[in-house]
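Please keep the sequence and the model side by side while reading. The paragraphs below go from one sheet to the cores, and from there to the loops and the surface.

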Amino acid sequence: KGGMTSRFSLRAHREPSTRSGRKFARLGDYPKGGDEVVLVAPIDEEQHVAVATVKGHALAVEQSEIPLLGGPGKGVMLVKLHEGDSVLGAQVLMGSHEALIVEKDGGTRFELTIRKYAGTRAGYGAELFKRGNLERVVLPEITLPGTILAPDSN
């Protein structure tokens, strides 16, 4: 079992639904719980997908390694998982200046960049540490373009 990924065009999904609903992906149903979607994001050429697993493996893969699907499917393996591991989170990286930031159970943060964690699809990725687990993805602060703060009125 592994962390799966797929890439598809939105052209086939112009109509919001069909009589039986609209499927974008097929999820597997495993004995200890089913698959789940971790990230849906637009991606362009020259961009990467970074992924982190709970047990502390990291990988960044060029979008060109992810085949374009013609319809709903399971996709291809993005990252192999060791027994009992699962994907914690993923993020599209637009350049070497961006990072997927994850935090360990003790509070240690790791910045997963293209430069440091680039690899090929379907591998285990780089091991971040020997013991413990990653606890969460640290989301970037949201900034609105063109937002002007009013000067202090004192």
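How many residues lie between S5 and S6 in their hairpin, and which residue in the turn has a positive phi? S5 and S6 are separated by three residues, and in the turn Gly 56 has a positive phi of about 90°. This is a predicted model, in which local features need pLDDT of at least 70 and side-chain atom pairs count only at pLDDT 80 or more, while totals for chains, interfaces and linings use all residues. Residues are numbered from 1 along each chain as its sequence is written, and side-chain values use heavy atoms, with hydrogens and water left out.

The protein has one helix and 13 strands, where helices (H or I, at least four residues) and strands (E, at least two) are DSSP runs numbered from the N terminus. Read from the N terminus, the order of elements is β-β-β-β-β-β-β-β-β-β-β-α-β-β. Of the contacts with a separation of 6 or more, 69% join residues 24 or more positions apart, a contact being heavy atoms within 4.5 Å.

The hairpin belongs to an open sheet of four strands, ordered S9-S5-S6-S12 and paired antiparallel; two strands pair if DSSP finds at least two bridges between them. Strand S9 (87–93) and strand S12 (126–127) are at the edges and have a single partner strand each, so one side of each is left without a neighbour in the sheet. Between S5 and strand S6 (residues 57–62) there are five bridges; Ala 50 has Ala 60 in S6 as its bridge partner, and Ala 52 stands opposite Ala 58. On to S12, the antiparallel pairing of S6 rests on two bridges, and here Ala 58 has Ala 126 as its bridge partner. S6 is mostly covered, with five of its six residues buried, where buried means under 20% relative accessible area, exposed over 50%, and partly exposed in between (1.4 Å probe, protein chains only). In a regular strand the side chains alternate between the two faces of the sheet.

From the sheet we can turn to the interior. A nonpolar core is a set of buried Ala, Val, Leu, Ile, Met, Phe, Trp, Tyr and Cys residues joined through side-chain atoms within 4.5 Å. The largest such core has 14 residues, of which Ala 52, Leu 100, Val 102, Phe 110, Leu 112, Leu 128 and Leu 134 touch the most other members. At least two residues of this core come from each of S5, S6, strand S10 (100–104), strand S11 (109–112) and helix H1 (114–117). Apart from this core lies another, of nine residues, among them Val 51, Leu 59, Leu 81 and Ala 90. Within the largest core, Val 102 is one of the residues that touch the most other members; leaving aside residues up to four places away in sequence, the contacts of Val 102 include Ala 52, Leu 88, Phe 110, Leu 112 and Leu 134. Over the whole protein, buried residues make up 29% of the 154 residues.

The loop between strand S4 (33–34) and strand S5 (48–53) holds Val 40, and Glu 46 and Gln 47 are found there too. Is Gln 47 buried or exposed? Gln 47 counts as buried because its relative accessibility is 9%, and, not counting residues up to four places away in sequence, Gln 47 touches Pro 42, Val 61, Glu 62, Gln 63, Val 92, Leu 93 and Met 94. Glu 46, by contrast, is exposed, with a relative accessible area of 70%, and has a positive phi near 70° although it is a residue other than glycine. Val 40 is likewise exposed, at 70% relative accessibility.

Val 40 also takes part in a nonpolar patch on the surface, formed with Leu 27 and Val 37, and together the three have about 300 Å² of accessible area. Patches are made of residues with over 30% relative accessible area and no salt bridge (a side-chain nitrogen of Lys or Arg within 4 Å of a carboxyl oxygen of Asp or Glu); like charges are joined within 9 Å, and nonpolar side chains (Val, Leu, Ile, Met, Phe, Trp, Tyr) within 5 Å. The protein exposes about 10800 Å², of which carbon and sulfur atoms supply 51%; accessible areas come from the Shrake-Rupley method with a 1.4 Å probe, and for residues only the protein chains shown count as cover.

Two further loop residues complete the tour. Ala 122, in the loop between H1 and S12, has a positive phi of about 75° although it is not a glycine, and counts as partly exposed because its relative accessibility is 27%. Glu 83 lies in the loop between strand S8 (76–80) and S9 and counts as exposed at 71% relative accessibility. Glu 83 and Lys 55 are 28 residues apart in sequence, with 9.9 Å from C-alpha to C-alpha in space.
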